Amino acid sequence: MAQQNMAQEQMRPVPVPTRTSTPFWDAAKRGKFLLQYDPAAKKYQFFPRPVSIYSGSDKLEWREASGRGVLVARTNVQVPHRGFEKLVPFVLAAVNLEEGVRVVARLIGVPYDQAKHGMKVRICWEELSDGARMFAFEPDR
Amino acid sequence: MASNFLSSKDIVIIAYGEVKNELRSGKTATELTADVMVQLLAKTGLTNREIDGFALTLPLSETGFAWYSNVLVDNLGIQARWLQITDIGGCSILGNIARAAAALKCGMIEFAFCIHADAPSRPHVAEYFNYRSEFQEPTGFQGPLIAFGLLTDAYDQKYGLKPEALGRLAVAQRNGAVANENALDKLRKPITVDDYLNSRMVSEPMRLLDCVMRCDGANGVVVTTLERARAMGVKKMVRLASYSEITNFDPANSTPDAFETGFQVVGPDALNKAGLSPRDVDMFHPYDDFLIALLLKLEQIGFCKRGEGSDFVLSTDFSPTGDLPINTGGGQISAGQAGLAGGGTNVVEAVRQLMGEAGSRQVPNVKNALVTGIGVVTYFRNWGSSVAMVMEA
């Protein structure tokens, strides 16, 4: 039974990169948060896609983001999902980055009642299994 | 905007079927589909050999393989000349009826059986891909519970949410479930606004009683032409008056306002095409996965102004004899959500009411219904698909 519990705890899902997203996850390993940039539209997009949502062009560049943004919504997650059993309750935040994209991820180090709309946050990284890293947010003080 | 392909009102629903929602039916989605087909054949006097059009949704419990629709019609003894799977989540049922109407108007088929079933008590074989498995779930952003928790929070921040308004909607729909013998037995107990307010937080500020409960279930309708229905001597029928659908609203916006949704397009569009304004709507059967969705739709379709949803709800009687009867059979939140067939609960209730067969919860003198769907959780925009249909007695 203990073994089974351990197996369940290790099941936090790990992203499986595609041709489109591989540059993102390679940079993540080095602690860099990349965004796709459409030079024709002069706009960023997130999550990574095979073409620009603005122009339909496949001429996309990868640019490192500032990682800074503002919290626009948050929820206190109290129902454990697969792989997150030991983490509940945790705060999940929707953040608008300076580059004009929205990213949703965990907000670490701030309890729910102190996670205020408009607060400044920045990207940080959580270590997953097999050297994978997942983006999260922390206060930008 | 495209013209109303249903304006001649010559496409009709001639029968509805529904099995009781159960937490554990002991049946597969295929078996539940068969139960509904048998009901529909009994009501119409047709045999399975006369069915030439068939539409379905993808059951979470059976569609780990890509040939489900073929295997299903083989099980049912149906030779299909038009076979349709619609996969726009909770919009799929109305989507199927609209696609069936188009196929009927084109003369491809004579009857469309649109049957939707799911059995979430069985192993969940559907898998998520793309951004959901790669950029969403590994962060902890897993599914609708969290997406609607964020939406509830964002609404409260922007407009101020009065939780007792959501409680009032919860009570109205629960009263419907108490009167609906096909609702989940577990939910057929009256609740109060205080019960709602005191229910535990699941994705704070969203409560347990904001949410649907998944269950096994199935439902369906038979769609045909008015001409054929008359030739068959059908006495009771429901006419399709208008339909509007949109998926991926405002796609080239990377920081969208979560309260600008497809409903501000499809709600007014469907009403305009049917020649109605919101105050002409006799009853409202909105797709309900979470209570906040009802509030957003009331605003975006135009029943009240943006941000005034709470006050509108608190001053409106939603009972079957009230100002705006809403999900009179309990909706999914109080009757149970039959997996990806869940939206059919609301559709079938609208048809049942328009045929005058809703018993103790019958809306008096009802002439029309506005029915909606919401489909697919997105990467925190709002949701993927929005549809609206007007039906008439």
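**The chain B sheet, its helices, and an aromatic pair between chains**

Chain B of this predicted model holds an open sheet of nine strands in the order β3-β2-β4-β7-β1-β8-β11-β10-β9, with mixed pairing. Strands here are DSSP runs of E with at least two residues, helices are runs of H or I with at least four, and both are numbered from the N terminus. Two strands pair if DSSP finds at least two bridges between them. The edge strands of chain B are β3 (82-85) and β9 (284-285), each pairing on one side only.

At the β9(B) edge, two bridges join that strand to β10 (368-375) of chain B, and the two run parallel. B:F284 has B:L370 as its bridge partner in β10(B).

Now the helices. Helix α1 (29-44) of chain B packs on the sheet and touches β1 (11-18), β2 (53-56), β4 (111-118) and β7 (217-225) of chain B. Contact means heavy atoms within 4.5 Å. The direction of α1(B) makes about 145° with that of β4(B); axes are lines fitted to C-alpha atoms, for helices over the stretch in contact, with angles from 0 to 180 degrees between N-to-C directions.

Helix α13 (343-354) of chain B also packs on the sheet, touching β1, β7, β8 (238-247), β9, β10 and β11 (385-392) of chain B, at about 115° to the direction of β1(B). How many residues of α13(B) are buried? Twelve of its twelve, where buried is under 20% relative accessible area, exposed over 50% and partly exposed in between, with a 1.4 Å probe and protein chains only. Among them are B:E349 and B:R352. Just after α13(B), B:G356 takes a positive phi of about 75°.

Next, aromatics. The whole structure has 28 aromatic pairs over all chains. Rings of Phe, Tyr and Trp (its six-membered ring) pair if their centres lie within 6.5 Å; planes under 30 degrees apart are stacked, over 60 edge-to-face, the rest tilted. A:F46 and B:F135 are edge-to-face because their ring centres are 5.5 Å apart and their planes at 85°. The pair joins two chains, since A:F46 lies in the loop between β2 (43-45) and β3 (61-64) of chain A and B:F135 in helix α4 (131-136) of chain B. A:F46 and B:F135 are both buried. They belong to one aromatic cluster that also includes A:W125 and B:Y379.

Last, conventions. Residues are numbered from 1 along each chain as its sequence is written, and chains are lettered from A and ligands numbered from 1 in the order written. Local features need pLDDT of at least 70, side-chain atom pairs count only at pLDDT 80 or more, totals for chains, interfaces and linings use all residues, and side-chain values use heavy atoms, without hydrogens and water.
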